[in-house]
Amino acid sequence: MAEFISLYSGSSGNCALIRSEDKYLLIDMGKSCRTTLTALKSLGLAVSDCVGILVTHEHSDHVAGLDTFLKKYPLPVYGAEETLEFLDANGVVPATCDMTALTPGREEDIGCFGVQSFPTSHDVPCVGYRIHTPDDKTMTIATDLGTLTPPVHEALSGCDL
C-alpha cells in the first residue's frame, strides 16, 4: 500500500516522501542532512531504499539540505531543466549524482513509481509531481502555488491523494 508522509513543512524547510512497500521517493529537502536523516530513521527507513529525489524548485526551503546529503548519499535527482541547471551551476548537486530533467506531461519510471511533472505558478521555475504507485494509486503534490492553473487542475484530477 502506498503512503505519503510529510517529514517537515514550512517556511524553514520542506521535505516529503511517497513510499510503496520497501522503496520510496523523497520530494525536496529544505532542512539539514541531519534533520532529514533523523526523520527517515524515526520511520525506520534506510537511505539505500530511496530511489531518488524530486525537486520542485530552487528556493532554499526546498533544497538547503541537498548538498551535504548528496555528498554522503549520491542519489539521482529529478526536476525541471531550469531548476537542475540552477542547482548544478550553484554546486548544490555534486558531480557524482545523476540529474535528470523531467519533461512536463510525460510519465517517467523512477524505481517502482511513474512520475509526471507539470508546471506550477511561482516566482521561479517550479513544478509539481503526479506520481503513480505500484498498487495503482495516484498522488499529486504541488507546493508554493501562486495560482491554480489549468495544468495544476489537470494534475489533481482523479487523484487518490
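This is a short tour of a predicted model, stop by stop, for you to follow in your viewer.

**The whole chain**

Start zoomed out, with the protein chain drawn as a cartoon. You should find five helices and 10 strands. The C-alpha trace spans about 40 × 35 × 25 Å along its principal axes. A compact globule of 161 residues would have a radius of gyration near 15 Å, and the 14 Å of this chain agrees with that. Buried residues account for 47% of the 161 residues. Now think about who touches whom: of the contacts between residues at least 6 apart in sequence, 50% join residues at least 24 apart.

**A four-stranded sheet**

Next, pick out the strands β7, β8, β9 and β10, which form an open sheet in just that order, with antiparallel pairing. Which strands stand at the edges? They are β7 (108–110) and β10 (138–141); each has a single partner strand, so one side of each is left without a neighbour in the sheet. Turn the view and look along the sheet: from one strand to the next, the twist averages 30 degrees.

Stay with the β10 edge for a moment. Its antiparallel pairing with β9 (residues 127–132) runs over four bridges. Show H132 and you'll see it standing opposite T138 in β10.

**Two loops with an unusual phi**

Select D136, in the loop between β9 and β10. Most residues other than glycine have a negative phi. D136 goes the other way, with a positive phi near 65 degrees. Its relative accessible area is 69%, so D136 is exposed.

Now jump to E21, in the loop between β2 (15–20) and β3 (23–27). E21 isn't a glycine either, yet its phi is positive, at about 55 degrees. Buried or exposed? E21 is exposed, with a relative accessible area of 65%.

**A buried spot in another loop**

Head back towards the sheet and select V124, which sits in the loop between β8 (113–119) and β9. Although V124 is in a loop, its relative accessibility is 15%, so V124 counts as buried. What does V124 touch, leaving aside residues up to four places away in sequence? Show H57, E58 and H59 to see these contacts. For a sense of scale, draw a distance from the C-alpha of V124 to that of E107: the two are 17 residues apart in sequence and 23 Å apart in space.

**The aromatic pair**

Select F69 and Y73 and show their rings. The structure holds one aromatic pair, and these two residues form it. The rings are tilted, with 45 degrees between the planes and 5.1 Å from centre to centre. Color the two by accessibility: F69 is buried at 0%, while Y73 is partly exposed at 29%.

**The cysteines**

For the last stop, show the cysteine sulfurs. A disulfide is a covalent bond between the sulfur atoms of two cysteines. How many disulfides does a search of the whole structure find? Zero. Try C15: the closest cysteine sulfur to its own is in C50, 8.9 Å away, which is too far for a bond. From C33, the closest cysteine sulfur is the one in C15, at 11 Å, again too far for a bond. Both of these residues are tucked away: C15 counts as buried at 2% relative accessibility, and C33 counts as buried at 6%.

Note on methods. Residues numbered from 1 in each chain as written. Predicted model: local features only at pLDDT ≥ 70, side-chain atom pairs only at ≥ 80, totals over all residues. Heavy atoms only, no water. Pairing = 2+ DSSP bridges. Axes fitted to C-alpha atoms, helices over the stretch in contact; angles between N-to-C directions. Phe/Tyr/Trp six-rings, centres within 6.5 Å; stacked < 30°, edge-to-face > 60°. Buried < 20%, exposed > 50% of the residue type's maximum accessible area, 1.4 Å probe, protein only. Disulfide = S-S within 2.5 Å. Contact = heavy atoms within 4.5 Å. Rg over C-alpha atoms; globule rule 2.2 N^0.38 Å.
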